[in-house]
Amino acid sequence: MTALKAIDKTTINIEKIRADFPILSRKVNGKPLIYFDNGATAQKPQQVIDRIDHYYSYENANIHRGVHTLSRDITIGYENARAAIQKHLNAANPCEIIFTKGTTDAINLVASSFSKRFISKGDEIIVSVMEHHSNILPWQQVCEEKEAVLKVIPINDAGELVLDEYNKLLNEKTKIIAIAHVSNTLGTINPIKEIISAAHARNIPVLVDGAQAVPHLKVDVQELDCDFYCFSGHKVFGPTGIGVLYGKEKWLNQIPPYQVGGGTIKTVSFEKTEYADIPLKFEAGTPDIAGTLGLATAIDYINEIGLDAITTYEHELLVYATEKLQKLQGVKILGTAKEKAGVLSFIVEGIHPFDIGTILDQMGIAVRTGHHCTQPLVAYYRVPGTVRVSFAFYNTFEEINVFIKGLEKAIIMLK
Amino acid sequence: MTIEETEQEIIDEFELFDDWMQKYEHLIELGKSLPIIDTKYKTDDKLIKGCQAQVWLHSELKDGKVIYTADSDAIITKGMVALMVRVLSNHTPDEIINAKLDFIDKIGLKQHLSPTRSNGLVSMIKQMKMDALAYKVKRE
């Protein structure tokens, strides 16, 4: 891993941050909770909880419908949340931000709508070996429906994409590339910019699954020049049930609505319906209003700490934990890419990951074990699964020490 | 010994432990001591797929009683499997079908029966009872 310069410890006020997250002070199985499952979902600061509470307590009304004050005010609140996401991703226009249920929903939206317009028999779609099932299955389904072909970018043993092979896969039949920004199992940060520019040289659009990137890295969609980018609210310290699809205006205008219904239209008659402009064309039904407000608050919260400080601090946690883990006998880290974020996956020789997770849980340490919804990737490494530790900025070096001690104990018990 | 008596025996056994570590250490020991299933039965049709840990279960009827052998790739799951085999094996199909199996709760390992699909245990218990039912139906 590339060594970053030591951070100015004052940029992250860990005590103050931890005090914002009520759950971090609870005990699990009689021990102080050590939450290392941030890749699955992140905890919520009081500010996000309060924002949702305030909406339901004092602001609840439907958006884009009523003429009354409550409806008008919350419509402004909802659109402000959209603008906050636009600003955070540096999208060119708020209409390029679509609220979805999450990353999975966003990918399904693009797979379904894009394929209706642009995929036909014999076309090719490219994904990679390290994709989450959510960035495989929607495309696999499209391929079945359209008799298209799914092509897969391989990885090397370090868990990095083999770009030469990727370049070989690109051809005139390739219609879209769907790729993770950061691997949820390995933590690899993929060279998205290179992937996008190679695709764009052939006018092929690229969808980036940013679910594991947005919590850890500054993402600038214009700089990346990606065509679609998606992430989930709950992984960036916001509520569950809300997510974001960024799409370039030119693409969103060209693809048909995904789900249709209230809110997506200009005029409806039984003869013909005229759909609304983006983004409303893609937001059928009453959206998760509370979710959007909570998400915008979570984004504000992250920005207050500062993503540069977060990235640097988490990198230090990752380097520290990696060094400690490497010293343990029988431990093998999966995913040793030069560029990594947030995630540390490992196996212990002769011990099932499930057993390690079970023992750590007894010690109040929450890790994820299993295939992490990346079965093709886990199959590539020929393991039954891994133990995954995934960090957030509220984790501490001391927690890593406790975890390492706990792991040593677990290994002794299970050997 | 009846199923209930074996359950009580296990409850008494687990009551000796002061903390979770001893309890799990015992469970791990039980897992290690579970007679190894004949490899010819470790086939896909004997496999009960959990999301993480896998369980293999084989049963046969001998003198009107169901004999179970089982295995798992995770040792804690295997310990739980050993307990289930100890409780249910060598009983008649009727006894097995009617077994309540509330000892798991009483020994404080109920979380292993939560519907997380993470281990194959819930499915295994179901399969043990299904096998017993199949033998009962065949006999009648």
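Here come some questions and answers on a predicted model, covering chain A, a helix of chain B and two residues.

Residues count from 1 along each chain as its sequence is written, and chains are lettered from A in the order in which they are written. Because the model is predicted, local features need pLDDT of at least 70 and side-chain atom pairs count only at pLDDT 80 or more, while totals for chains, interfaces and linings use all residues; side-chain values use heavy atoms, with hydrogens and water left out.

Q: What is the radius of gyration of chain A?
A: Chain A folds into 14 helices and 17 strands (DSSP runs, H or I of at least four residues and E of at least two, numbered from the N terminus). The globule rule (2.2 Å times the number of residues to the power 0.38, with the radius taken over C-alpha atoms) gives 22 Å for 415 residues. Chain A comes out close to that, so it's as compact as a globular protein of that length, with a radius of gyration of 22 Å.

Q: What percentage of the residues of chain A count as buried?
A: Buried is under 20% relative accessible area, exposed over 50%, and partly exposed in between, using a 1.4 Å probe and protein chains only. The C-alpha trace spans about 70 × 55 × 35 Å along its principal axes. Of the 415 residues, the buried share is 59%.

Q: Which residue, 19 residues along the chain from Gly210(A), has its C-alpha 6.3 Å away?
A: Gly210(A) sits in the loop between strand E8 (206-209) and helix H8 (221-224) of chain A, and it's buried at 0% relative accessibility. Beyond its neighbours within four places in sequence, its contacts (heavy atoms within 4.5 Å) include His181(A), Pro215(A) and Cys230(A). The residue that fits the C-alpha separation is Tyr229(A).

Q: Which helices of chain B help cover the buried residues of H2(B)?
A: Helix H2 (residues 20-33) of chain B has 14 residues and reaches 20 Å, close to the expected 20 Å (1.5 Å times one less than its number of residues). Its buried residues include Trp20(B), Tyr24(B) and Leu27(B). Chain A supplies part of the cover, including helix H14 (397-414). From chain B, the cover includes helix H1 (3-15) and helix H3 (75-88).

Q: Which residue of H2(B) is among the buried ones and in contact with Met80(B)?
A: Met80(B) belongs to helix H3 of chain B and is buried, with a relative accessible area of 1%. Setting aside neighbours within four places in sequence, its contacts include Ile104(B), Leu109(B) and His112(B). Another of those contacts, listed among the buried residues of H2(B), is Leu27(B).
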